[in-house]
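The exercises below are meant to be worked with the sequence and the coordinates side by side. Attempt each task before reading its solution.

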Protein chains: 2
Amino acid sequence: MKQEINENTENKIIEAANSVFEKKGYDGTKMQEIADTAGINKALLHYYFRSKDKLFEMIFSMAFRKLVGKLEFLFDENIPVIEKIKIFIDQHTDFIAANRHLPLFIVNEVNRRPEIFVKLLSGIYEKDDRLHRLLAQIEKETKEGVLKPFDPRHVFLNMIAMNIFPFAAKPLVKGLLRMSEDEFRQFITERKRIVTEIIINSIAAK
Amino acid sequence: MKQEINENTENKIIEAANSVFEKKGYDGTKMQEIADTAGINKALLHYYFRSKDKLFEMIFSMAFRKLVGKLEFLFDENIPVIEKIKIFIDQHTDFIAANRHLPLFIVNEVNRRPEIFVKLLSGIYEKDDRLHRLLAQIEKETKEGVLKPFDPRHVFLNMIAMNIFPFAAKPLVKGLLRMSEDEFRQFITERKRIVTEIIINSIAAK
DNA sequence: GGAAGGTTTAACCAAATAGTTAAACCGGTT
DNA sequence: AACCGGTTTAACTATTTGGTTAAACCTTCC
């Protein structure tokens, strides 16, 4: 019983902290607001997570893994590169739409305090073999004449940038392009097709 | 003389406030740090700009105009669309490189407090005729068979996204792709060509 | 020289905020 | 029923921070 209550409270805190930190960033977040959101006392927050820094570090690394984890599909799946990209863009766009503040949160906090992300990096470096397998796959398909030679780093960045930007800058985009919420949704649906086309076009052999 | 001193101090404040706000955002910025950066007393800051909000509003609207102003080239210049895009990407990339924190600053603050940007929008809407001229130009070149039909909103967003993202997420990109500062610079130089190619490809008639 | 007026500073204030403490609470155990 | 452990709370503390005040400091003008 105790355990259940305990985990329940802990989860409520984590959920609340996640929501507030993602939206407002470290500096914009007050412990009181997290407590309020979780429906608990501020002292209880410190009982479960000693300090704002400790709590933040936990939320941040969770968020980071969540975001980077979505990339695993690119490495793991054993399907042709072009097919892979089609599926990835579709899924990734949906994921970002459902987690609008996540990418900006990560980018901001890594900019603000790069140290927080250095330790998380090593966990990624360890999975180097997967990267090599992907590069080998690309090389193979290039030799087969399916793909033309290209720099995967740029393609990767282009894809991520085009996927993330409209959501990260959503109020700006809606404002500048004068869109309603519905038009924005429509716009995003169109984008999936357009971005996929552009990326495929930039790597497919003619 | 008074006037000179006055403007000198005011400029020092504006420069300092700009630098600190852009890097740390509204919440991360302390008036004391601005004062220190400007080499003046905190009270003097309040003498020139009554409150943090007032100072911020000024810096923000300056920054916003600076960023949006760079887009004017797209509307004003009377040269073929494809040529326009080539020049724009080259110049815009250099501009963002020299103002790394600017786009993220704008995006963040508009996300955090959309009202601050509503009033700035009207100033842009007033220049609607330029937008219509650009759209007419595109339509004309499409009819001439130079361009294929496309949605300018997506093309615009794609261009901006690919230009801005690597700088906004610079530490992340450098970390994940394991680049030195020199390699990053090199990478950006390559990007100009690649992004230009991709964008042109997505609008040029075959 | 000194009065006048804008500029600059040191010292201060009040509110916000991260973090602490000690007591109350509550479920299970004997 | 009394107690023991972990959990929760109200009340408090210390520090940070935006903002104020009153005096000191020029510079200009008479």
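**Exercise 1.** Which residues does Thr29(B) touch, not counting residues up to four places away in sequence?

*Solution.* This is a predicted model, in which local features need pLDDT of at least 70 and side-chain atom pairs count only at pLDDT 80 or more, whereas totals for chains, interfaces and linings use all residues. Residues are numbered from 1 along each chain as its sequence is written, chains are lettered from A in the order in which they are written, and side-chain values use heavy atoms, with hydrogens and water left out. Begin by locating Thr29(B), which lies in the loop between helix H1 (2-28) and helix H2 (31-38) of chain B; helices here are DSSP runs (H or I, at least four residues), numbered from the N terminus. Next, list its contacts (heavy atoms within 4.5 Å): with residues up to four places away in sequence left out, Thr29(B) touches Val20(B), Phe21(B), Lys24(B), Ile34(B) and Lys52(B). Then turn to the side chain of Thr29(B), which reaches the backbone oxygen of Gly25(B) at 2.7 Å. Finally, Thr29(B) counts as buried because its relative accessibility is 1%, where buried means under 20% relative accessible area, exposed over 50% and partly exposed in between, with a 1.4 Å probe and protein chains only.

**Exercise 2.** At what angle do helix H6 and helix H10 of chain B pack, and how far apart are their axes?

*Solution.* Take H6 (residues 81-98) and H10 (residues 152-168) of chain B, and fit the axes as lines to C-alpha atoms over the stretch in contact, with angles running from 0 to 180 degrees between N-to-C directions. The two helices pack at an angle of about 25°, with their axes 10 Å apart, and therefore H6(B) is roughly parallel to H10(B); angles under 35 degrees count as roughly parallel, over 145 as roughly antiparallel, 65 to 115 as roughly perpendicular and the rest as oblique. To the contact H6(B) gives Ile85(B), Phe88(B), Ile89(B), His92(B), Thr93(B), Ile96(B) and Ala97(B), while H10(B) gives Met159(B), Ile160(B), Asn163(B), Ile164(B) and Phe167(B). By class, the residues of this contact comprise 9 nonpolar, 3 polar and no charged, where Ala, Val, Leu, Ile, Met, Phe, Trp, Tyr, Cys and Pro count as nonpolar, Asp, Glu, Lys and Arg as charged, and the others, Gly among them, as polar.

**Exercise 3.** How do H4(B) and H8(B) pack, and which residues make the contact?

*Solution.* First, H4(B) and H8 (residues 115-125) of chain B pack at an angle of about 40°, with their axes 11 Å apart, so that H4(B) is oblique to H8(B). Second, the contact joins Phe56(B), Glu57(B), Phe60(B), Ser61(B), Phe64(B) and Val68(B) of H4(B) to Ile116(B), Phe117(B), Lys119(B), Leu120(B) and Ile124(B) of H8(B). These residues divide into 8 nonpolar, 1 polar and 2 charged. Third, consider Arg65(B), which also lies in H4 (residues 52-69) of chain B and which counts as exposed at 51% relative accessibility.

**Exercise 4.** How many of the residues of helix H7 of chain B are buried?

*Solution.* In H7 (residues 102-112) of chain B, 10 of its 11 residues are buried, and the helix is thus mostly covered. Among the buried residues are Leu102(B), Phe105(B), Asn108(B) and Glu109(B).

**Exercise 5.** Where does Arg178(A) lie, and what is the sign of its phi?

*Solution.* Arg178(A) is placed in the loop between helix H11 (170-176) and helix H12 (181-203) of chain A. Although Arg178(A) is not a glycine, it has a positive phi of about 50°, and at 40% relative accessibility it counts as partly exposed.

Terms used: A polar contact is a pair of N or O atoms within 3.5 Å; within protein, one must be able to donate a hydrogen and the other to accept it, and residues adjacent in sequence count only if both atoms are side-chain atoms.
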